[in-house]
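Please examine the fold shown here. The paragraphs that follow begin with a pair of strands and then turn to the sheet, the chain and a single residue.

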Amino acid sequence: MKSEKGITLTSLIIYLAVTMIVVTIIATFTSFFVSNMNEVRQQEDYAPEFNKFTMFFSLDVKNNRTAEVTPTQLEFEDGTIYQYRESEKAVYRNDTKITEKVDSFSFATTQETISTTTKQIINVKMSVKGKVNLKNGIDYTLRYW
């Protein structure tokens, strides 16, 4: 009787094909992981500026019912003014700079009526250091009760 030790050429090809598929899958996941890590590293450039603006703006939105809005300036009913100064690439709250490195910034407003309640909604679009943080903007609803 003949000894059947070892592997056949067919099984060797199958082993190699399976190994190549596994290696390809691992390489794809590694590629996605590395690109996501680069994105996270770049966030340290623009996320703090956006967070500083949001911290101040959210508080003022909760405490006011109306606001006068132009594309680069917003004035709340309590007298608080937010202004984007393109020459400085900064957003000011009253006369205090709260963010810098802002490439573009704009305010817009709309009115929403639900039943008998009318709400003023302020849309903010912002780009910091070339990253569009708010492509479609973020909507903030002013206090309406």
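**Strand pairing and the sheet**

In this predicted model, strands β3 (residues 81–85) and β4 (residues 90–93) run antiparallel and are joined by four bridges. Within this pairing, Q83 lies opposite Y92 of β4. In general, the strands of a sheet pair through backbone hydrogen bonds, in either a parallel or an antiparallel manner.

The pair belongs to an open sheet of five strands, ordered β1-β2-β3-β4-β5 and paired antiparallel. Strands β1 (67–69) and β5 occupy the edges; each has a single partner strand, so one side of each is left without a neighbour in the sheet. On average, and with direction ignored, neighbouring strands of this sheet are turned by 20 degrees against each other.

The chain as a whole contains one helix and nine strands. Read from the N terminus, its elements follow the order α-β-β-β-β-β-β-β-β-β. Of its 145 residues, 25% count as buried. The accessible surface of the chain is about 10100 Å², and carbon and sulfur atoms contribute 57% of that area. Among contacts with a separation of 6 or more, 42% are between residues 24 or more positions apart.

Is T99, a residue of strand β5 (residues 96–100), buried or exposed? Its relative accessible area is 1%, and because buried means under 20%, T99 counts as buried. Apart from neighbours within four places in sequence, T99 is in contact with E49, K52, F53, K89, A90, V91 and M126.

Conventions. Residues numbered from 1 in each chain as written. Predicted model: local features only at pLDDT ≥ 70, side-chain atom pairs only at ≥ 80, totals over all residues. Heavy atoms only, no water. Helix = DSSP H or I, 4+ residues; strand = E, 2+ residues; numbered from the N terminus. Buried < 20%, exposed > 50% of the residue type's maximum accessible area, 1.4 Å probe, protein only. Contact = heavy atoms within 4.5 Å. Areas by Shrake-Rupley, 256 points an atom, 1.4 Å probe, with all protein chains shown as cover. Pairing = 2+ DSSP bridges. Axes fitted to C-alpha atoms, helices over the stretch in contact; angles between N-to-C directions.
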